[in-house]
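Q: I have a protein model to read and do not know where to begin. Could you take me through its features in turn?

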Amino acid sequence: MANLNDSLNDLMSLDGAMCAAVVDYNSGMMLASAGSGVDMELAAAGNTEVVRAKMKTMKALGLNENIDDILITLGKQYHIIRPAAKLAGIFVYYVLDNKRANLALARRKVSDVEGAMTM
């Protein structure tokens, strides 16, 4: 089991990692962050809306599923949003440089970190 700072430091060890955060999507508040390159306070609030919209859409469609992750690909970056399975109302937000990062390894890393994270 890892605390939030240990979890984020683990994410930052991957090649191409730029920044990461743990966010409460009920409030939109960032609980912890690491790295640089993105305004993480703004990103936390904005991506809270992404998570809420996806959950609302899944409910409207009658999908009884959990979100594994949400991937946003930009010209120079990957953004991975992963709702925590064990920590209700929490998601991990991870930003990577797509020239240096391996997307498959990044998705695996955020899954492993999220699974071991404690608060």
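**Reading the sheet and its helices**

A: Begin with one pairing: strand E1 and strand E2 (residues 29-35) pair in the antiparallel sense over six bridges. Strands here are DSSP runs of E with at least two residues, helices are runs of H or I with at least four, and both are numbered from the N terminus. Two strands count as paired if DSSP finds at least two bridges between them.

Q: What kind of model is this, and how are its residues numbered?

A: This is a predicted model, in which local features need pLDDT of at least 70 and side-chain atom pairs count only at pLDDT 80 or more, while totals for chains, interfaces and linings use all residues. Residues are numbered from 1 along each chain as its sequence is written, and side-chain values use heavy atoms, with hydrogens and water left out.

Q: Which elements does the protein have, and in what order do they run?

A: There are three helices and five strands. From the N terminus on, they run α-β-β-α-β-β-β-α. The radius of gyration is 13 Å, close to the 14 Å that the globule rule gives for 119 residues, so the protein is as compact as a globular protein of that length. That radius is taken over C-alpha atoms, and the rule is 2.2 Å times the number of residues to the power 0.38.

Q: What is the order of the strands in the sheet?

A: The sheet is open, with five strands in the order E2-E1-E5-E4-E3 and antiparallel pairing. E2 and strand E3 (70-73) stand at the edges with a single partner strand each, so one side of each has no neighbour in the sheet. From one strand to the next, the twist averages 15°.

Q: Which residues face each other across E1 and its partners?

A: On the E2 side, Cys19 stands opposite Gly35. E1 also pairs with strand E5 (residues 90-97) in the antiparallel sense, over seven bridges, and there Asp24 is opposite Ile90. The hairpin of E1 and E2 has four residues between the strands, and in it Gly28 takes a positive phi near 80°.

Q: How many residues of E1 are buried?

A: Buried means under 20% relative accessible area, exposed means over 50%, and partly exposed is in between (1.4 Å probe, protein chains only). In E1 (residues 17-24), seven of the eight residues are buried, so the strand is largely enclosed by the rest of the structure. Over the protein, 46% of the 119 residues count as buried.

Q: Which way do the side chains of E4 point?

A: In a regular strand the side chains alternate between the two faces of the sheet. In E4, Gln77, His79, Ile81 and Pro83 point one way, Tyr78, Ile80 and Arg82 point the other way, and all are buried.

Q: How does E4 (residues 77-83) pair with E3 and with E5?

A: E3 and E4 pair in the antiparallel sense over four bridges. Ile72 has His79 as its bridge partner, and Thr73 has Tyr78. A hairpin of three residues joins E3 to E4. E4 and E5 pair in the antiparallel sense over seven bridges, with Gln77 opposite Asp97. Six residues lie between the strands in the hairpin of E4 and E5, where Gly89 takes a positive phi near 80°.

Q: Which strands does helix H2 lie across?

A: Helix H2 (residues 40-60) lies across E1, E2, E3, E4 and E5, running at about 120° to E5. Such angles run from 0 to 180 degrees between N-to-C directions, with axes fitted to C-alpha atoms, for helices over the stretch in contact. Lys54 belongs to H2 and, at 38% relative accessibility, counts as partly exposed. Leaving aside residues up to four places away in sequence, Lys54 touches Ile67 and Ile70; contact means heavy atoms within 4.5 Å.

Q: Which residues of H1 are buried, and what covers them?

A: Leu4, Ser7, Leu8 and Leu11 are buried in H1. Seen down the axis of H1, its buried residues fall within an arc of 95°, so they line one face of the helix. The arc is that of the directions from the helix axis to the C-beta atoms. Their cover includes E1, E2, E5 and helix H3 (103-116).
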